[in-house]
Amino acid sequence: MLFTVLTGLITSSLLVPFGKLMKTKWSVLLPFIPVILFLFYLWHVPVVANGTNVIQHLAWVPSLGVNFDFRLDGLSLLFALLITGIGTAIFFYGRSYLKGHIYFDRFFAYLLLFMSAMLGVVLSNNILTLFVFWELTSISSFFLIGFNNDSKESRNSALTALSITGLGGFFLLAGLVLAGNIAGTFIISELFAQHDKLVNHSLYPLIIGLVFIGAFTKSAQFPFHFWLPGAMKAPTPVSAYLHSATMVKAGIYLLARFTPILGNTELWNTTLLIVGGFTMVFAAIHALFRTDLKSILAYSTISALGILTFLLGLGTTEAFIAASVFILVHALYKATLFMVTGIIDHETHTRDLTKLGGLRKVLMPVFIAAVLAALSSAGLPSTFGFIGKDLIYEATLHYHHNWAIWLTALAVITNIGLVAAGFMAGIKPFTGKLPQAFEQVHLPYKSMWIPPLILAVLGLVFGIFPGITGDYFNHQTAIAIAGENLEMELKMWHGFNTVFILSLATLATGTIVYFLNKPSEAKLRAIEQFNHISPQYIITKIGAGIKQMSAWYTNVFHNGYLRSYHIKIILFAELLLGYKLWLGGPVRIDYANLTPLSWYEFGIAAILLGAMYLIVTTRSRLTAVVSTSVIGYCICLMFVFYSAPDLAMTQFTIDTLTTVLFVLVLYKLPPFINFTSRGVPIRDAIVALGFGIIISLIALRVLYEPNSTAISDFYGENAYLLAKGKNVVNVILVDFRGMDTMFETVVLSIAALGVYSLIKLRLKSSEKE
Amino acid sequence: MKSAILQTATRYLLPILLLFSFFLLLRGHYYPGGGFVGGLVASIAFVLHSFANGTENTMKILRYKPLSLIPIGLGISAVSVTFPLLFGLPPMTGLWFEEPIPVIGMIGSALFFDLGVYLVVIGVVLTILFTIALND
């Protein structure tokens, strides 16, 4: 399984050097990556359908409990198949959609990165690894949503999506770490056994609150829903991929994954019911007011996600079965509708419903795909959507609470909205009279209309033979969500009962709503007047406030004057250390334990004082710098006397190089003129004296604090045994704490690049002028 | 700074200092030294040369921009960190040859890690100093 995640990551980075090649006919190879991965997971279907969980373990950072643990159960498999399967369709489709685009290679690099991240999320058996991939989906989707980077709107909506999902990720991390610490394990398959311990813990409400924020931001639940319609600025293949099967479903996956770990409590279920219930009705009604095809699909997606959250909130066996089926139903028809919209946009250059019509005459196969998807979304008997809707109604009707009837009513209202929205997106553009402007419209490449057609037909096939998908995929998915064994059999025909009547009523009312509801600009404006109380408006305001605050903070604390940074840093350290010293009580000096002073120490002290006097009084910068390096060399000598040759060597070389650097810079500065007032040197003297006194006091305090030698003993004993080195300092640097050194070298490199680019960049702009 | 004495001296000092810096790098695991100090000493050698002969001439000796040492160094370190993964061991596991090599001594992944640090330090120091020195 690791290889499936790595394949995307590696090919994605290979597209940087070989991108040019992919713009030629070699790009035909790209779609075969998801194809291979899809076949790999298809091959696992029989194994998982038997109830086996495939587990793979690889140590990554074992000391922190972060490992590459992968686990394939029913839930993961369904998502993995959707990610790679719909991914295949999108890759074929996107290759034609973006043919000739200058950033064609970049697009597929982002898409591959995103696909790997999604696979990582659904396959991880370790919640920390899951989080890493979770964040990676946020970041890669940022690139995808903002793909048209020359448009300001596109950049803004990418930023909104990243801020919302990134913020959610932050909360999620806190929740996951809390849960993992309480349970004592970060392994998902081990967390199942800790359900009772977690649920009865006093921090339980906090944990699920944090996890909810993570899931709701990702899955666009109210009040975080608004990033999703904004994300429609992305190229349509991206919308089709992100909003049918992947990105937004990650939140649903998270909730489903944690249902057997944190779920099955009053608090969990009620919250999900309220948030999911409100979101699904709110978005379904919203969808009817839109005139932009993608906007309609965006709101109907939010509504569908609301339904899934709602179903998980019901928490009954029937609801889990319904959720497991509806995930697949929605992915199939929504991906189709998005791709159809993309074709319409690609061929007619508009997505405005008030302008589109009659396209069936010119885009027949696309029309068939669209109708099949719209009917599946409407839940016409014999489509897969019908079964999905039946299961939802069954779950709400049989809810063990007297709310059952109201919950069913909510579900019916939502579905009526979705029926109408599905028809608006899938049928409206194709019916009626063909405007003259669109008479020249022709079918796009085969690779653009065949993928949606296949997905739409699959919706029909699964609808007629629901047994196949039920036995092979959804059964194990439902078991994984419930965390216990359950019986399930999908049938096309449930008999003539309440559920069936409700289904027909929904379909009929939805169709009536579709015919009565004429999309128009006026309605769009009517709904826009509520904008100032919308969560989007409020959160955007908060965002603007944060921006102002950071501007203020930057102006005060980062004003660009080195001296101001110095004095702030030193003052802060003085306050903090002084407070800590004060807490520890008076400092006693035990003269008996001090080593006697020797004459050369006096000598060094004298040189030090002389150098300091020179620095403070001189009017030449060069003298000051040289005196500073004298102080450095004196300290270096101290290291030598107290037998720390490693430190001495480093101090000596560093001091030499800093002096050289200083001289190089000073050489370019204008001559020294004293601008500062008389008060400034006095202020600086006080701060400097204070710092010196505090450090001396700390040094004295350290002498009689009971110091623990456990760490140095460990290194001393193990340096040769474990790392085969006799120089403990160096062994710590390159072995025990090698990761720190690794990152320090990275930091150094960044600093060098910073200096290099700052100076070179300035040269360039001066050349331009 | 044109000084015949310094120019002549650096002609011999540069290779000696470089050799010394490499010596520091190699002995680091057992005696005072290591990649960081070694890198600094090597940088000082080049800086000294640039003082005597001008930065342009030092750049000529280097042939490649010091900046290019950074990715090479980081790459060597990264490879030595991830190399044990190939043997199914966690990253950063120290791998050593059984027998010492003449002159160099024991060779292990830690030495390559240190070599990476050594190159990065030279790259960083020379990039910063030479960029500033050559900026007019």
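In the predicted model, helix α4 (residues 104–123) of chain A and helix α12 (residues 247–262) of chain A have axes that come within 10 Å and cross at roughly 10 degrees. Because angles under 35 degrees count as roughly parallel, α4(A) is described as roughly parallel to α12(A). On the side of α4(A), the contact is made by Phe114(A), Met118(A), Val121(A) and Val122(A), and on the side of α12(A) by Met247(A), Ala250(A), Tyr253(A) and Arg257(A). Sorted by class, the residues of this contact of α4(A) with α12(A) comprise seven nonpolar, no polar and one charged.

A second helix pair within chain A is formed by helix α3 (residues 74–97) and helix α11 (residues 236–244), which pack at an angle of about 170 degrees, with their axes 9 Å apart. This angle makes α3(A) roughly antiparallel to α11(A), since angles over 145 degrees are assigned to that category. From α3(A), the residues Ile83(A), Ile86(A), Gly87(A), Ile90(A), Tyr93(A), Gly94(A) and Tyr97(A) meet Thr236(A), Pro237(A), Ala240(A), Tyr241(A) and Ser244(A) of α11(A). The class composition of the contact of α3(A) with α11(A) is eight nonpolar, four polar and no charged residues.

Two loops of chain A carry backbone features of note. A cis peptide bond, with omega of about 0 degrees, joins Phe222(A) and Pro223(A), and Pro223(A) is located in the loop between α9 (204–218) and α10 (227–230) of chain A. Further along the chain, Ser643(A), a residue other than glycine, has a positive phi near 45 degrees; Ser643(A) belongs to the loop that lies between α26 (621–641) and α27 (645–666) of chain A.

With respect to domain organisation, chain A is divided into domain 1, covering residues 266–519, and domain 2, covering residues 711–769. The C-alpha centres of domain 1 of chain A and domain 2 of chain A are separated by 55 Å.

Chain B contains five helices and zero strands, and its elements, read along the sequence, follow the pattern α-α-α-α-α. The C-alpha trace of chain B spans about 55 × 30 × 20 Å along its principal axes.

Turning to the interface between the two chains, 45 residues of chain B are in contact with 43 residues of chain A. Between them, chain B and chain A bury about 3,800 Å², of which 77% is on carbon and sulfur atoms, while the count of salt bridges between chain B and chain A is zero. One helix pair that spans the two chains consists of helix α30 (residues 728–736) of chain A and helix α5 (residues 109–133) of chain B, which pack at an angle of about 90 degrees, with their axes 9 Å apart. The angle makes α30(A) roughly perpendicular to α5(B), because values from 65 to 115 degrees are classed in this way. Here Asn730(A), Leu733(A) and Val734(A) in α30(A) meet Ala110(B), Phe113(B) and Asp114(B) in α5(B). By class, the contact of α30(A) with α5(B) brings together four nonpolar, one polar and one charged residues.

Methods. Residues are numbered from 1 along each chain as its sequence is written. Chains are lettered from A and ligands numbered from 1 in the order in which they are written. This is a predicted model: local features need pLDDT of at least 70, side-chain atom pairs count only at pLDDT 80 or more; totals for chains, interfaces and linings use all residues. Side-chain values use heavy atoms; hydrogens and water are left out. Domain bounds come from an automatic or database domain assignment. Axes are lines fitted to C-alpha atoms, for helices over the stretch in contact, and angles run from 0 to 180 degrees between N-to-C directions. Helices (H or I, at least four residues) and strands (E, at least two) are DSSP runs, numbered from the N terminus. Contact means heavy atoms within 4.5 Å. Ala, Val, Leu, Ile, Met, Phe, Trp, Tyr, Cys and Pro count as nonpolar, Asp, Glu, Lys and Arg as charged, and the others, Gly among them, as polar. Buried area is the accessible area (1.4 Å probe) that two parts lose on being put together, summed over both. A salt bridge is a side-chain nitrogen of Lys or Arg within 4 Å of a carboxyl oxygen of Asp or Glu.
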